[in-house]
Amino acid sequence: MSEVIKVHFDPKVVSLIMDYSRQRNEAGGLLLGHRYTKEGSVEYEIIKVTTPSFMDVRARALFQRRDKSHLEQAVQFHRDTNGYGDYLGEWHTHPGGASIKPSIKDLLAFRSSQKLTKTPLIYVIANPYKLNTYTSGGNDVVSYY
């Protein structure tokens, strides 16, 4: 039997991501929070995200995280939580009502970042109408807002 993955979102995080999904260009950043293992499941609590910066590349159908501030914020979050807070994955938007299914390009990016850690990562894609969570393999995850 495979492990169940559940994701809990702070409502402010969902609101922030949805606000970015209504913009003309794609946006994205890192997911920060806590990871728990309990009774055959892994649960993620996403309590903070990094947001696009002027060094990041944002276009209608492209977001590339290039600003070092994302990493700096993740390291600071880890420190501020005495090592309890962690990098949980990444988020980006598909504006204008585009599909929130991961594209081939998204799946390749998911798998590439997953190679950096053995811990399962979560990926969020949002459009102005919906937010969905995936694993590095592009599988849907149970989400709670």
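Okay, let's start with one residue, Q114, which sits in helix α3. A quick word of caution before I go on: this is a predicted model.

So, is Q114 buried or exposed? Its relative accessibility is 14%, so Q114 counts as buried, the limit being under 20%. And what does its side chain do in there? A polar atom of the Q114 side chain lies 2.9 Å from the backbone oxygen of T119. If we skip the neighbours within four places in sequence, Q114 is in contact with T119, P120, L121, Y123 and S136.

Keep Y123 in mind, we'll come back to that one. Let's step back to the sheet.

Seven strands make up an open sheet, and the order is β8-β7-β6-β2-β3-β1-β9, with mixed pairing. At the edges you find β8 and β9, the latter being residues 142-144, and each of these two pairs on one side only. On average, neighbouring strands of this sheet are turned by 30 degrees against each other, if you ignore direction.

Now, what packs on this sheet? Helix α2, residues 69-80, does, touching β2, β3 and β6. The direction of α2 makes about 30 degrees with that of β2. Helix α3, residues 104-114, packs on the sheet too, and there the strands touched are β6, β7 and β8. For α3, the angle is about 150 degrees, taken against the direction of β7.

Let me zoom in on some of the pairings. In the middle of that strand order, β2 (residues 28-38) and β6 (residues 86-93) pair in the antiparallel sense, over six bridges. If you want a spot to click on, L30 stands opposite E90 in β6.

Then over to β7, residues 122-127, which pairs with β8 in the antiparallel sense over five bridges. How many residues lie between β7 and β8 in their hairpin? Two residues. Here the pair to look up is V124, whose bridge partner in β8 is T133.

And what about β8 itself, residues 130-134? Four of its five residues are buried, so β8 is largely enclosed by the rest of the structure. Remember, this is one of the edge strands.

Right, aromatics. How many aromatic pairs does a search of the whole structure find? Three, and I'll show you two of them. In the pair of Y20 and W91, the ring centres are 5.7 Å apart and the planes are at 50 degrees, so we call the pair tilted. Y20 belongs to helix α1 (residues 11-21) and W91 to strand β6, so the pair ties together parts that are 71 residues apart in sequence. Both rings belong to buried residues: Y20 has 15% relative accessibility, and W91 has a relative accessible area of 2%.

The other pair brings Y123 back. The rings of F110 and Y123 have centres 4.1 Å apart and planes at 15 degrees, so this pair is stacked. F110 is in helix α3 and Y123 in strand β7, so here the parts tied together are 13 residues apart in sequence. Buried again: F110 is at 4%, and Y123 is at 1%.

On to the nonpolar cores. The largest one has 21 residues, and the members touching the most other members are F9, I17, L31, I46, W91, I122 and V124. Which elements each supply at least two residues of this core? They are β1 (4-9), α1, β3, β6 and β7. The top contributor is α1, with five residues. Take I17 from that list: beyond its neighbours within four places in sequence, I17 is in contact with V49, W91, T93, V124, A126 and L131. Apart from this core lies another one, of seven residues, including our stacked pair, F110 and Y123, along with I100 and L121.

Last stop, D56. Where is D56? In the loop between β3 (41-49) and β4 (57-59). Despite the loop location, D56 is buried, with a relative accessible area of 7%. Its side chain has polar partners on two backbone nitrogens: that of S53 at 2.8 Å, and that of D67 at 2.9 Å. Outside the four places on either side in sequence, D56 is in contact with T51, F63, Q64, R65, R66, D67 and H70. And one last distance: the C-alpha atoms of D56 and K68 are separated by 9.3 Å, with the two residues 12 apart along the chain.

That's my tour, thanks!

Key: Residues numbered from 1 in each chain as written. Predicted model: local features only at pLDDT ≥ 70, side-chain atom pairs only at ≥ 80, totals over all residues. Heavy atoms only, no water. Buried < 20%, exposed > 50% of the residue type's maximum accessible area, 1.4 Å probe, protein only. Contact = heavy atoms within 4.5 Å. Polar contact = N/O pair within 3.5 Å; in protein donor to acceptor, adjacent residues only side chain to side chain. Pairing = 2+ DSSP bridges. Axes fitted to C-alpha atoms, helices over the stretch in contact; angles between N-to-C directions. Phe/Tyr/Trp six-rings, centres within 6.5 Å; stacked < 30°, edge-to-face > 60°. Core = buried A, V, L, I, M, F, W, Y, C linked by side-chain atoms within 4.5 Å.
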